[in-house]
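Got a minute to go through some labels on this structure? Let's take them one at a time and see what stands behind each.

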Amino acid sequence: MNLLTAERLSKSFGMKKLFEQVSFSVNEGEKIGLIGINGTGKSTLLKVIAGAEQPDEGTISIRNGISVEYLPQNPPMDDDATVLGHIFSGRSPLMQLLRDYEQAIGQLERGEDSPALQKRLLELSGRMDAADAWQVENEAKRILAKLGIDDFEARMGTLSGGKRKRVALAGALIRPADIVILDEPTNHIDTDTVDWLEQHLSKSKSALLMITHDRYFLDRVAQRIVELDGGKLYGYTGSYSVYLEQKAERMAQQQASEDKRQNLFRRELAWIRRGAKARSTKQKARIERFEKLQDAAPDAAAQDMDIALSGARLGKKVIELHDVSKRYGEREIIRSFSYIVQRDDRIGIVGPNGAGKSTLLKLIAGSLTPDSGRLDIGSTVKIGMFSQENEELNESLRVIEYIREASEQVRTSDGELISASQMLERFLFPPSAQWTPIANLSGGEKRRLFLLRILMEGPNVLLLDEPTNDLDIQTLTVLEDYLDRFQGAVLVVSHDRYFLDRTVDSLLVAEGNGEISHHAGNFSEYRERLKETEAASLSVKEKKAAAPSADSASDNRSREKALKFSFKEQKEYGEIDDLIARAERDVQEIEEAIANAGTDYEALSKLTSRHQELEAALESLLERWTYLTELAERIERQKNG
C-alpha cells in the first residue's frame, strides 16, 4: 500500500538548484536509503518530504491517518526537558499521557506529595493500564539503555552533543509512526549500537526513509536505494550491493550512448566545417540536427577525486607512547598505555562512547597533555588531524581563500604540480563554487573542504577522528583509495565497520575502564574472534554446570590430572627467550635496511615483504611464549597446593 507520494518537487538554495521535477513514493513497510554527494540536497529533500520545509514547486500527498516521524541531523530540543520528557514529546494522546505520568512521578520524587497528587497519580495509572502504556515506557527505557543513556531524569541541557543526538534518535524510534525519516542515524553511536539499530530497524513494521553513509548498514537494512545526482532522482530496487551493480550498468549504457553521439557529432562537425551553405531545406535540416547534437551533450559526470598527494618523508621513529595516563576528574580514561606506532601502520581505534578514543588521538596530536607518562614524536613527523569539530575551519573565509592558506599549489605523488583551484575542482568544488563563503556550505561540504585542507598540508601521519561522520559515500570511497597509497602512518577512530575493514590492519580497543588492548586484523576479524571466544567461554561454563559435583574440593584436586611440560615444551621454554631476542634483532635490522633504501623501490618492495615475514614470525613466538609461561605458572601453582 502506498503511504506517501511526492510529485514533481523542485527546490533551490539561492542560485543553486538542488533538485528539479523529482517524483518519489514510500510504500508500507518499505526500507529506503537515500544517497548522493554532500551538497546535492539530500537533507533538504528529507525536510520537504517530512513537511519541515516547503518545496518551490510540486506536491506531497500522504494517506489519511498516516503518521510521520522525522529525525533531522540537528533536532530542536528543550534544554529544560528531562530525557524521558523529550522522548515522550510527540503529539499523540499516548505520548501526552506518558508525559503527564512522568511529570507526576517527578513531582512525587521531589517531595511534593499531597492528596491531590496521589489522586492524580491514581487516575493516570488507570489510564496507563487502559492504554497499555507501561509497555511503551519500558520500551523507551530499553532503547535509551541500548543507546548508552541511563539517567532518564537528566536535563537535556546538561548532556553532551553526542548524547543529545542519541536521545533524539531514541525518541524517533519509540514514537508510533507509519513512516520514519532519519537523517544520518548512525552518527555518534558506537559499533555495538549500530549493530543493534540495524536489527531494530530491519524488524520494524514502519516504513523507513534514511540518509546514511554506513555501507554495511545500507546493505543489510535498505530494500531500495534512491540516488540524488545532478538534481535528479535515480531509483534502484535492492540492497546497496545491488545498487552498485545496477549503477555500473547505467553508467556503461550512458557511456555507450555518449560514444555514439560523439561519433555522429564528429561527422556533422566535419560537414559544417566544409562550408556548406544553408540554402536548401536539406542543408538547413542538417544544421539543425548538428545544433541538436550539441544541445544533447550530457551533464558532466561527477569527477573522481584524485587525492594522491606527496608528503614529507617519514623517518624510522614515528610515535612512541610510554605509560601514558589521562583522567578527567575522578574518572581514569587511559591507564598506563604504551605503544609504538610504526611508519606504515594502519590502526583503527574502537570502543564504546566515552572510552577515551578521541582523547588518545588528541594526546598524540598534542592538543592534550598526559597526566603521567610521555610521548616521543619523531623529528620528521608531520601530523594531520581530521577532527570531529572542524576546529581549524574559518567560516568567514571563502572556499578558495581557506585552501590557499594551506598552499597555493601542491605536488601530487606522480610529480604533477597543480593549483589550489584545480585541487578544489577535483574535490567537487567547481570554479563557480570556489568563491562561496564557507558559512554557506552544507555540513558535508565543510567536512570535505576541511579534509582537503589537511591533505594539502602534506602530512605523513594522519589522525582521523570519526572521518565518516557527515561525509558522503563517494568522498569516503576516494579517501579509502587515498589511504591505500598514503606513505605514512594512519590512526583512525571510527564506528563505521565498512570503513574500518577497508582501511586498517590492526585495532586498539578502548575497553572503557582505562585499559587499551591491541588486536591484529581488521574490525570484522576482531569481532569474529570475539564471538568465538565468547562462544568457547559459554561452552566451558555449560560443561562445568553439567558435570557431576564432587564431594569436596580435595576430591577434585586428587582426580585432577597432574600438569607437566612435555619434553618438547620443556625444551621450547628454555630456548624461547633467546629466540624472541634474535627475532627482534632481525626485525630491527630489516627496518634499518628499509630506512636506508631511499628511493630504490625494487629493493624496498623485497625488504617490505621480508619485514612482514619477520614480524609474523615474531608474533608467533610471542604467542607461544605467552602459552608456555601461563602453563609454567599453572604447574607451579599445582605443586604448591
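**Asking why, label by label**

Q: What comes right after helix H1, and what is the sign of its phi?
A: H1 is followed by Gly51, and its phi is positive, near 85°. Keep in mind that this is a predicted model.

Q: Which residues of H1 are called buried?
A: H1 covers residues 42–50, and the buried ones are Lys42, Thr44, Leu45, Leu46, Val48 and Ile49. That label takes a relative accessible area under 20%.

Q: Why is helix H11 described as largely enclosed by the rest of the structure?
A: Because seven of its nine residues are buried. In H11, those are Lys357, Ser358, Thr359, Leu360, Leu361, Leu363 and Ile364. Just after H11 sits Gly366, with a positive phi of about 90°.

Q: Why does Ser325 count as buried?
A: Its relative accessibility is 8%, and the cut-off for buried is under 20%, so the label fits. Ser325 is in strand E10, residues 319–328.

Q: How far is Ser325 from Arg335, in sequence and in space?
A: They are 10 residues apart in sequence, and their C-alpha atoms are 4.6 Å apart.

Q: What makes the phi of Ser336 worth a remark?
A: It is near 45°, a positive value, and the residue is not a glycine. Ser336 is in strand E11, residues 331–341.

Q: Why is Ser336 called partly exposed rather than buried or exposed?
A: Its relative accessible area is 46%. Buried needs under 20% and exposed needs over 50%, with partly exposed in between, so Ser336 at 46% gets the middle label.

Q: Where is Glu184, and what is its phi?
A: Glu184 is in the loop between strand E6 (179–183) and H7. Its phi is near 55°, again positive in a residue other than glycine.

Q: Why is Glu184 called buried or exposed, whichever it is?
A: Its relative accessible area is 10%. Buried means under 20%, so Glu184 is buried.

Q: How do you know that Asp195 and Arg527 form a salt bridge?
A: Their side chains come to 2.5 Å, N to O. The limit is 4 Å between a side-chain nitrogen of Lys or Arg and a carboxyl oxygen of Asp or Glu, so the pair qualifies. The pair links distant parts of the chain, 332 residues apart: Asp195 is in helix H7 (residues 191–203) and Arg527 in helix H17 (residues 523–546).

Q: Why do Asp195 and Arg527 get the label they do for accessibility?
A: Asp195 has 16% relative accessibility, and Arg527 has a relative accessible area of 16%. With buried set at under 20%, Asp195 is buried and so is Arg527.

Q: Which residues are linked with them in a network of salt bridges?
A: The network is made up of Asp192, Asp195, Glu198, Asp214, Arg220, Arg497 and Arg527. A search of the whole structure finds 30 salt bridges.

Q: What makes Glu405 and Arg453 a salt bridge, and what does the pair tie together?
A: The N to O distance is 3.2 Å, and the limit is 4 Å, so it counts. Glu405 lies in helix H12 (residues 399–406) and Arg453 in helix H14 (residues 443–456), so the pair ties together parts 48 residues apart in sequence. Arg453 counts as buried, at 10% relative accessibility.

Q: How many helical turns separate Glu139 and Arg142, and why?
A: About one helical turn, because they are three residues apart in helix H5. They form a salt bridge, with the closest N and O atoms 2.8 Å apart. Glu139 is partly exposed at 25% relative accessible area, and Arg142 is partly exposed at 36%.

Q: Why is Asp150 called exposed?
A: Its relative accessibility is 67%, and exposed means over 50%, so Asp150 passes. Asp150 is in the loop between helix H5 (133–146) and helix H6 (161–174). On the surface, Asp150 gathers with Glu109, Asp151 and Glu153 in a patch of negative charge.

Q: How do you know that strands E19 and E20 pair?
A: Five bridges join E19 (residues 506–510) to E20 (residues 516–520), and pairing takes at least two. The strands run antiparallel, and Leu507 has His519 in E20 as its bridge partner. Their hairpin has five residues between the strands, and Gly512 in this hairpin takes a positive phi near 95°.

Note on methods. Residues are numbered from 1 along each chain as its sequence is written. This is a predicted model: local features need pLDDT of at least 70, side-chain atom pairs count only at pLDDT 80 or more; totals for chains, interfaces and linings use all residues. Side-chain values use heavy atoms; hydrogens and water are left out. Patches are made of residues with over 30% relative accessible area and no salt bridge: like charges are joined within 9 Å, nonpolar side chains (Val, Leu, Ile, Met, Phe, Trp, Tyr) within 5 Å. Accessible areas come from the Shrake-Rupley method with a 1.4 Å probe; for residues, only the protein chains shown count as cover. Lys and Arg count as positive and Asp and Glu as negative; His and the chain ends are not counted. The place of a charge is taken as NZ of Lys, CZ of Arg, CG of Asp or CD of Glu. Helices (H or I, at least four residues) and strands (E, at least two) are DSSP runs, numbered from the N terminus. Buried means under 20% relative accessible area, exposed over 50%, partly exposed in between (1.4 Å probe, protein chains only).
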